[in-house]
Amino acid sequence: MTLLPAFKRYSVLALCGFGAVAMLALLAAGWRWPLLPAVLLGLLALLGIRDLIQKRHAVLRNYPIIGHMRFLLEDIRPEIRQYLIESDSDELPFSREARSLVYQRAKGVEDKKPFGTSEQVYEAGYAWVTHSVAPKVITDSDFRVLVGGPDCRQPYSASLYNISAMSFGALSANAIMALNQGAKLGGFAHDTGEGGISRHHRQHGGDLIYQVASGYFGCRDEQGRFSSEKFRSQALDPQIRMIEIKLSQGAKPGHGGMLPARKISPEIAEARGVPMGVDCISPPAHSSFSTPVGLMEFVAQLRALSDGKPVGFKLCIGHRREFMCIVKAMLKTGITPDFIVVDGKEGGTGSAPLEFTNRVGMPMLEGLAFVHNTLRGAGLRQRIRIGAAGKIVSAFDIARALALGADWCNSARGFMFAIGCIQSQSCHTNACPVGIATQDKLRQRGLEVGTKALRVARFHKNTLHALAEIAGAAGLSSPSDFLPYHFMFRHKDGTFSDGNEAFPYLPQGFLVADRETEELRDWHKRWGRASAETFAPSVIPEGRFV
């Protein structure tokens, strides 16, 4: 009885071996046609013998030859799921419905849907816009917001929808050029990402947001420290419209990175200001500051070095007290950033540890509402613009973010879809099938810059046109007029509430008022634990029973 299972496991190897011997015997008898079968069966038999003696994979030792089917099916599993199994609403991480919407708007083809919604409108998490019986028609959808506080001498009129941070190196040269040319055609901004300003960013002249991260790429000295001279030479370029200090990103907040020396091309070295042949390190934290006051002083330094261009920072909310520390530093120093970009933990990345991608950082809606209300509570909201990022690809996504406190929105993967991303999720392999997230010159060739640039501009234009239609349906003259009460949110028990209950705007100045608001006791306690001098907690909140 014990021999039968063993025979089944090794039967393919045995048949290949016997078959190869039989074909050889026929060849020896003078037949010619068995040559090819003999070679194929012989190679399979050799593969089976190798499987038996190798020590890395138990499944191959126990199932020689046929065990390779397991690895083949594992390799093509994402494609099988995407093309044959997943529904239009499965978000992995973007649903087919969302991707198709981007493709259609980028191509300028029909983006309407027949037969009604496929959303589960009575399930928890469903949200909708409340419309008006007196809708308005908005004819101009080139929506703008002026970014620049009282200390800014060169404010920037930003579109309500821009390209979020993606570095050259993570993206190919052709992808960067297509995105930037599209931004130029559409009149919106393109964030460089932390990898510096490459020649490909400059080629078409689209507006750039220069991101300065912990590696200080493009503005660093030989030791990797911030260089004022190199930063100023970059920041004074008229193409640079704003400067963004990256504190963290949603997909991997608090995590640094390393680009291995073997992946550093001369173009990447040039953009980042790093030597060839040496691993390129992005530390988890900045070396130019370590305290909330230090961050504000760095903001002021960059604003002065750039001759008054808008300077802000990007972060994913973690410890809420730490953001309050930053706000207290604003009050203490009198220095405020011109903008803050709130990145949700649902944001994308080319590569990140699974634990960080899935379990570290605050989602965008909660993070955005917290930042908005903290600035309101400190009496600073009117001085600082807020950008929002995190799976924002539709007009509804933008409208909801604006209602919760954002002044504009950024999208990375939305614009990647516009230039042809098929969500193969192979960004970290250098084998992107559409030439976007790769440095392989042959793969990049598949991405034609001119055609894709037009799609970027068209996607932006059509999305803002849809935003105008939604705002008009709500009875508004501009999407910037959206408020929480314009949205309804479904709860677990089937009931629903409006945005004023789910994401209320808190009173102006309540954190710095003489008297505390009883209903906001937790906010006051957290504010009391925050310090402008340090990010370290003065008191550890151990819970009610400790």
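**Charged pairs, core and cysteines in a predicted model**

Arg 144 is partly exposed, at 31% relative accessible area; with a 1.4 Å probe and protein chains only, buried means under 20%, exposed over 50%, and partly exposed in between. Its partner in a salt bridge is Asp 142, at 3.2 Å from N to O, and Asp 142 is likewise partly exposed, at 42%. By salt bridge I mean a side-chain nitrogen of Lys or Arg within 4 Å of a carboxyl oxygen of Asp or Glu.

Before I continue, please note that this is a predicted model, in which local features need pLDDT of at least 70 and side-chain atom pairs count only at pLDDT 80 or more, while totals for chains, interfaces and linings use all residues. Residues are numbered from 1 along each chain as its sequence is written, and side-chain values use heavy atoms, with hydrogens and water left out.

Across the whole structure, the search finds 21 salt bridges. One of them joins Asp 407 and Arg 385, at 3.6 Å from N to O. Asp 407 sits in the loop between helix H14 (395–403) and strand S13 (408–411), and Arg 385 in strand S12 (residues 385–389), so this pair ties together parts that are 22 residues apart in sequence. Helices (H or I, at least four residues) and strands (E, at least two) are DSSP runs, numbered from the N terminus. Asp 407 is buried, at 14%, whereas Arg 385 is partly exposed, at 30%. A further salt bridge links Asp 51 and Arg 50, at 3.8 Å from N to O; here Asp 51 is buried at 0%, and Arg 50 is partly exposed at 49%.

I turn now to the interior. The largest nonpolar core has 131 residues, and those touching the most other members are Phe 231, Phe 313, Phe 323, Met 330, Ile 340 and Leu 375. Such a core is a set of buried Ala, Val, Leu, Ile, Met, Phe, Trp, Tyr and Cys residues joined through side-chain atoms within 4.5 Å. Helix H17 (residues 449–473) supplies the largest share of this core, eight residues. Leaving aside residues up to four places away in sequence, Met 330 has contacts (heavy atoms within 4.5 Å) that include Met 296, Phe 313, Ile 340 and Leu 375.

Finally, how many disulfides are there? The count is zero, where a disulfide is a pair of cysteine sulfur atoms within 2.5 Å. The sulfur of Cys 219 lies 12 Å from the closest cysteine sulfur, that of Cys 280, too far for a bond. For Cys 325, the closest is in Cys 316, at 17 Å, again too far. Cys 219 is buried at 1% relative accessibility, and Cys 325 is buried at 0%.
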